[in-house]
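Subject: A structure for you to look at

Hi,

Here is the structure I promised to pass on to you. Please open it beside this email, and follow along as you read.

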Amino acid sequence: MLKGVRRETFVSLRTEKTMENALEIGIWSSAKNTLEDYRVLKACGVTHAFIDENYCRRGSQEYLDILEYCRQVGLKAYLF
C-alpha cells in the first residue's frame, strides 16, 4: 500500500482504471428471450441490452420481463 493513501482510495482508483479499459458489448433485445437466455448472454460477456418498441410495446408484460431479466443477471438496459 502507498504510504499516506487510504485503502478505499486505492481500491476506487484501481476499479476506475479497470472500467476505463473494459470492452462494452451490447445486444438488441427481443421479447422472445427467457431468463436463461440472459444468463447465457451475461456469461458470454455481454454487458448491456438495447430495448426498443420494435420488439415489444413499452409497458407490456414482455417489456417488463426483459427489464427484470436484465436486473437479475446484471446487464445494463438502454431503453429506446
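A residue counts as buried when its relative accessible area is under 20%, as exposed when that area is over 50%, and as partly exposed in between. By that cut-off, 24% of the 80 residues of the chain are buried. Please keep in mind that this is a predicted model.

The overall layout

The chain has three helices and three strands. Starting at the N terminus, these elements follow the order α-β-α-β-α-β. What share of the contacts between residues at least 6 apart in sequence joins residues at least 24 apart? The figure is 58%.

The core

Now have a look at the largest nonpolar core, which has 13 residues. The members that touch the most others are Tyr38, Ile51, Ile66, Cys70, Val73 and Leu75. Three elements each give two or more residues to this core: helix H2 (35–43), strand S2 (48–51) and helix H3 (61–73). Which of them gives the largest share? That is H3, with five residues.

Cys70 is a good residue to click on. Leaving out residues up to four places away in sequence, Cys70 touches Tyr38, Ala49, Ile51, Leu75 and Ala77.

How two helices pack

H2 and H3 pack with their axes 9 Å apart, at an angle of about 45 degrees. An angle of about 45 degrees is neither under 35 degrees nor in the range from 65 to 115, so the two helices, H2 and H3, are oblique to each other. Their crossing, that of H2 and H3, is right-handed.

Which residues meet where H2 and H3 touch? From H2 come Leu35, Tyr38, Arg39 and Lys42, and from H3 come Ile66, Tyr69, Cys70, Gln72 and Val73. Sorted by class, this contact of H2 with H3 has six nonpolar residues, one polar residue and two charged residues.

Two buried residues in loops

Ser29 sits in the loop between strand S1 (26–28) and H2. Is Ser29 buried or exposed? With a relative accessible area of 0%, Ser29 is buried, because buried means under 20%. Not counting residues up to four places away in sequence, Ser29 touches Tyr38, Ala49, Phe50, Ile51, Tyr55 and Ile66. One of these partners, Ala49, is 20 residues from Ser29 in sequence, and the C-alpha atoms of the two are 5.9 Å apart in space.

Thr47 lies in the loop between H2 and S2. Its relative accessible area is 18%, so Thr47 is buried. Apart from neighbours within four places in sequence, Thr47 is in contact with Leu23, Glu24, Ile25, Leu75 and Lys76.

Two residues that are not buried

Asn54 is in the loop between S2 and H3. At 69% relative accessibility, Asn54 counts as exposed, because the cut-off for exposed is over 50%. Asn54 and Phe80 are 26 residues apart along the chain, and 9.4 Å separates their C-alpha atoms.

Leu79 belongs to strand S3 (residues 76–79). Its relative accessibility is 43%, so Leu79 counts as partly exposed. Which residues does Leu79 contact, leaving aside its neighbours within four places in sequence? They are Ile51, Arg58, Tyr63 and Leu67. Leu79 and Ile51 are 28 residues apart along the chain, with 5.0 Å between their C-alpha atoms.

A good place to begin is Ile51, which is among the core residues that touch the most other members and is also in contact with Cys70, Ser29 and Leu79.

Happy exploring, and best wishes!

Conventions: Residues numbered from 1 in each chain as written. Predicted model: local features only at pLDDT ≥ 70, side-chain atom pairs only at ≥ 80, totals over all residues. Heavy atoms only, no water. Core = buried A, V, L, I, M, F, W, Y, C linked by side-chain atoms within 4.5 Å. Buried < 20%, exposed > 50% of the residue type's maximum accessible area, 1.4 Å probe, protein only. Helix = DSSP H or I, 4+ residues; strand = E, 2+ residues; numbered from the N terminus. Contact = heavy atoms within 4.5 Å. Axes fitted to C-alpha atoms, helices over the stretch in contact; angles between N-to-C directions. Parallel < 35°, antiparallel > 145°, perpendicular 65-115°, else oblique. Left-handed = near helix turned anticlockwise from the far one by under 90°. Nonpolar A, V, L, I, M, F, W, Y, C, P; charged D, E, K, R; others polar.
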